[in-house]
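Reader: I am new to protein structures and would like a close look at one part of this one. Could you pick a pair of packed helices and walk me through how they fit into the rest?

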Amino acid sequence: VMQNRPRSSLTAVRALLQIDPERGFAALEHLFKYQEWSPGAMVEIVRAGGSQTVQKLAALLGSAPPRRAKQMASLIELLEDQTALPALRERLASSGDEEEIAAILHSLGRLGQSEDRVTALAFLEHESWLIRMQAAYALGALGLAQDVGRLLPLLRDRCWWVRYRAAQSLLRLSGAAALAAMREREADAYAREMLERVLAEGR
């Protein structure tokens with residue numbers, strides 16, 4: 001049924017999680033292992049199983065291959081359940097996959113706590129633009145005023161998206177007036193352009 005009738009299988013797993021959580025989670029694990037599902041399609045199903053299902057899902061992160069771990073990290077983010085944070089942090093510490101690291105950093109930007117600020121700072125100078133971008137995003141949510149200086153060099157990054165996320169995070173950390181002052185002092189044309197864009201969006 002899971003292979004031939006995907007919509008029916010999602011409905012069946014959701015019902016099973018409510019009737020028999022153990023069997024329901026086994027079916028859910030099967031879906032993750034053998035089929036591709038968007039995180040959005042899985043949110044309501046996992047929620048049907050309650051917080052225990054989220055915790056079990058988080059426990060699977062440690063053994064999931066990178067592609068699955070990326071999907072699971074995005075799903076945990078959408079579930080907005082901070083009980084999964086320890087599993088996200090542990091997976092991030094052991095991961096070498098670019099897309100997976102980026103997905104976890106984005107999740108930390110949505111769910112993370114003050115202790116995750118140091119993690120975001122550690123990835124700001126990563127060789128991957130994707131990771132730098134998500135580290136800048138996370139720092140905008142978790143950072144302090146003293147972190148502004150760490151974000152400023154990213155305004156001159158070779159990647160447009162890194163510059164954009166850095167400018168957005170600078171706006172969140174320092175405010176529009178300070179960002180306008182940065183624009184006036186900035187000598188780099190690309191950095192000035194990005195600061196102007198983000199200020200305009202804020203207005």
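Author: What follows takes one helix pair, sets it in the whole chain, and then visits a few other places.

Keep in mind that this is a predicted model. Start with the overall picture. The protein chain has 13 helices and zero strands. Read from the N terminus on, every element in the run is therefore an α, as the order α-α-α-α-α-α-α-α-α-α-α-α-α shows. The C-alpha trace spans about 60 × 30 × 25 Å along its principal axes. Of the 203 residues in the chain, 47% are buried. Take the contacts between residues at least 6 apart in sequence: 63% of them join residues at least 24 apart.

Now the close look. The pair is helix α4, residues 50–59, and helix α5, residues 66–79. Their axes lie 10 Å apart, and the packing angle is about 155°. Angles over 145 degrees count as roughly antiparallel. That is why α4 and α5 are described as roughly antiparallel to each other. The crossing of α4 past α5 is left-handed.

Which residues in α4 and α5 meet? From α4 come Val54, Leu57 and Ala58. From α5 come Met72, Leu75, Ile76 and Leu79. Sort this contact by class and you get seven nonpolar residues, no polar ones and no charged ones.

Leu57 deserves a second look. Set aside its neighbours within four places in sequence. Leucine 57 is then in contact with Met72, Leu75, Ile76 and Leu79, residues that α5 brings to the meeting with α4. Leucine 57 also contacts Phe25, Phe32 and Val46.

Next, widen the view to the largest nonpolar core, which has 67 residues. Leu57, Leu75 and Ile76 are among the members that touch the most other members. So the helix pair and the core share residues: these three also belong to the contact of α4 with α5. Leu28, Met42, Leu124 and Leu151 are listed with them. The largest share of this core comes from helix α9, residues 129–142, which gives eight residues.

Thr53 links the story to another helix. Leucine 17 lies in helix α1, residues 6–19. Its relative accessibility is 2%, so leucine 17 counts as buried. Leucine 17 and threonine 53 are 36 residues apart along the chain, yet their C-alpha atoms are separated by 8.5 Å. Leucine 17 touches Thr53, and also Gly24, Phe25, Ile45 and Gly49, not counting residues up to four places away in sequence. Phe25 has turned up before, as a contact of leucine 57.

What comes after α5? Glutamate 80 lies in the loop between α5 and α6. Is glutamate 80 buried or exposed? Its relative accessible area is 53%, so glutamate 80 is exposed. Glutamate 80 also has a positive phi of about 55°, although it is not a glycine.

Finally, try another helix pair for contrast. Helix α11, residues 160–174, and helix α12, residues 176–185, pack at about 130°, with their axes 7 Å apart. At that angle α11 and α12 are therefore oblique to each other. Ala167, Leu170, Leu171 and Ser174 in α11 meet Ala176, Ala178, Leu179 and Met182 in α12. By class, this contact has seven nonpolar residues, one polar residue and no charged ones.

Note on methods: Residues are numbered from 1 along each chain as its sequence is written. This is a predicted model: local features need pLDDT of at least 70, side-chain atom pairs count only at pLDDT 80 or more; totals for chains, interfaces and linings use all residues. Side-chain values use heavy atoms; hydrogens and water are left out. Axes are lines fitted to C-alpha atoms, for helices over the stretch in contact, and angles run from 0 to 180 degrees between N-to-C directions. Helices (H or I, at least four residues) and strands (E, at least two) are DSSP runs, numbered from the N terminus. Angles under 35 degrees count as roughly parallel, over 145 as roughly antiparallel, 65 to 115 as roughly perpendicular and the rest as oblique. A crossing is left-handed if the near helix is turned anticlockwise from the far one by less than a right angle, and right-handed if clockwise. Contact means heavy atoms within 4.5 Å. Ala, Val, Leu, Ile, Met, Phe, Trp, Tyr, Cys and Pro count as nonpolar, Asp, Glu, Lys and Arg as charged, and the others, Gly among them, as polar. A nonpolar core is a set of buried Ala, Val, Leu, Ile, Met, Phe, Trp, Tyr and Cys residues joined through side-chain atoms within 4.5 Å. Buried means under 20% relative accessible area, exposed over 50%, partly exposed in between (1.4 Å probe, protein chains only).
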